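Trainee: Could you walk me through the side-chain interactions in this model? I would like the cut-offs along the way.

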Amino acid sequence: AEWPLRPGRKLRHERLFTTLASAADSNNSSHPLPVPKEVENRIKTLCSRYSPCRTSFQLQFNDYIKLKNRIKTSRYFALLGGYVFGCFTFASNSMWFFPWLMSDSPLTIMGMEGIDPMIIGTCMTFASGITCVIITAFGYRNFHLRVMGSETKANFHQREDDFQRRLNLYRCTDSVEVGFSDDYYGDKIKDLTDYRYWVRVQQIKLENSQRAKEMAPK
């Protein structure tokens with residue numbers, strides 16, 4: 001025989017069963033249980049720092065490294081082309097904008113007399129080439145990715161942000177352990193094997209730094 005329940009207690013049991021049943025139905029459906037905003041923000045913070053799989057990347061790591069090296073290689077040729085373009089453009093148009101550079105009489109600049117206009121024109125030509133090199137250096141990567149498409153650009157920046165976050169997380173910044181031959185910024189990483197080796201080296205350097213601090217006399 002079942003133990004008799006008072007009407008109020010029975011009502012509370014029925015209400016609890018109804019709540020659990022509705023929670024189970026909502027859990028089995030596509031709508032999860034509500035989570036407080038503070039808990040959700042805490043979970044997002046922890047995942048953004050520690051979780052390696054918080055985002056599914058459309059661009060594989062090896063493809064990202066190949067694309068990064070391709071952009072770096074083509075950037076060198078673009079810098080050379082920018083320098084030649086700047087020098088040629090100024091040399092071919094200087095006679096129209098600066099006709100005094102074509103004169104035979106020496107110039108007087110800031111109290112200095114007898115300056116050859118050809119020397120001034122040569123310096124201005126080199127300066128124009130260097131200016132084009134600086135502009136190309138700052139804008140070439142975005143231009144290259146924009147040419148490849150908005151989807152490739154978004155995937156590349158997503159991978160780049162995650163990769164730099166990982167490097168900053170594992171990098172040993174102790175000046176005693178950092179050497180000139182170290183790959184401090186991870187530029188020599190070509191695949192996952194190189195990345196794991198870089199992480200292990202940084203961990204060893206960090207362990208050596210902590211051990212040295214512990215053994216140092218106080």
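Mentor: Happily, and let us start with a definition: buried means under 20% relative accessible area, exposed over 50%, and partly exposed in between, with a 1.4 Å probe and protein chains only. This is a predicted model, where local features need pLDDT of at least 70, side-chain atom pairs count only at pLDDT 80 or more, and totals for chains, interfaces and linings use all residues. Residues are numbered from 1 along each chain as its sequence is written, and side-chain values use heavy atoms, leaving out hydrogens and water.

Trainee: Is Arg 165 buried, partly exposed or exposed?

Mentor: Compare its value with the classes: partly exposed lies between under 20% and over 50%. Arg 165 has a relative accessibility of 21%, so it counts as partly exposed.

Trainee: How many salt bridges are found in the whole structure?

Mentor: The criterion is a side-chain nitrogen of Lys or Arg within 4 Å of a carboxyl oxygen of Asp or Glu. Asp 162 meets it with Arg 165, their closest N and O atoms being 2.8 Å apart. Asp 162 also forms a salt bridge with Arg 166, at 2.8 Å from N to O. For the whole structure, the search gives 2.

Trainee: Which residues do these salt bridges join into one network?

Mentor: Helices here are DSSP runs of H or I with at least four residues, numbered from the N terminus. Asp 162 and Arg 165 are 3 residues apart in helix α5 (residues 150-170), so about one helical turn separates them. Arg 166 and Asp 162 lie in helix α5 too, 4 residues apart, again about one turn. Salt bridges that share partners join into one network Asp 162, Arg 165 and Arg 166.

Trainee: Are the rings of Phe 163 and Tyr 195 stacked, edge-to-face or tilted?

Mentor: Rings of Phe, Tyr and Trp (its six-membered ring) pair if their centres lie within 6.5 Å; planes under 30 degrees apart are stacked, over 60 edge-to-face, and the rest tilted. The structure holds 8 such pairs. With centres 6.3 Å apart and planes at 50 degrees, the pair of Phe 163 and Tyr 195 is tilted.

Trainee: Which residues, outside its neighbours within four places in sequence, is Ser 94 in contact with?

Mentor: Ser 94 is found in helix α3 (residues 61-97), and it counts as buried because its relative accessibility is 7%. Contact means heavy atoms within 4.5 Å. Leaving those neighbours aside, the contacts of Ser 94 are Pro 99 and Leu 101.

Note on methods. Helices (H or I, at least four residues) and strands (E, at least two) are DSSP runs, numbered from the N terminus.
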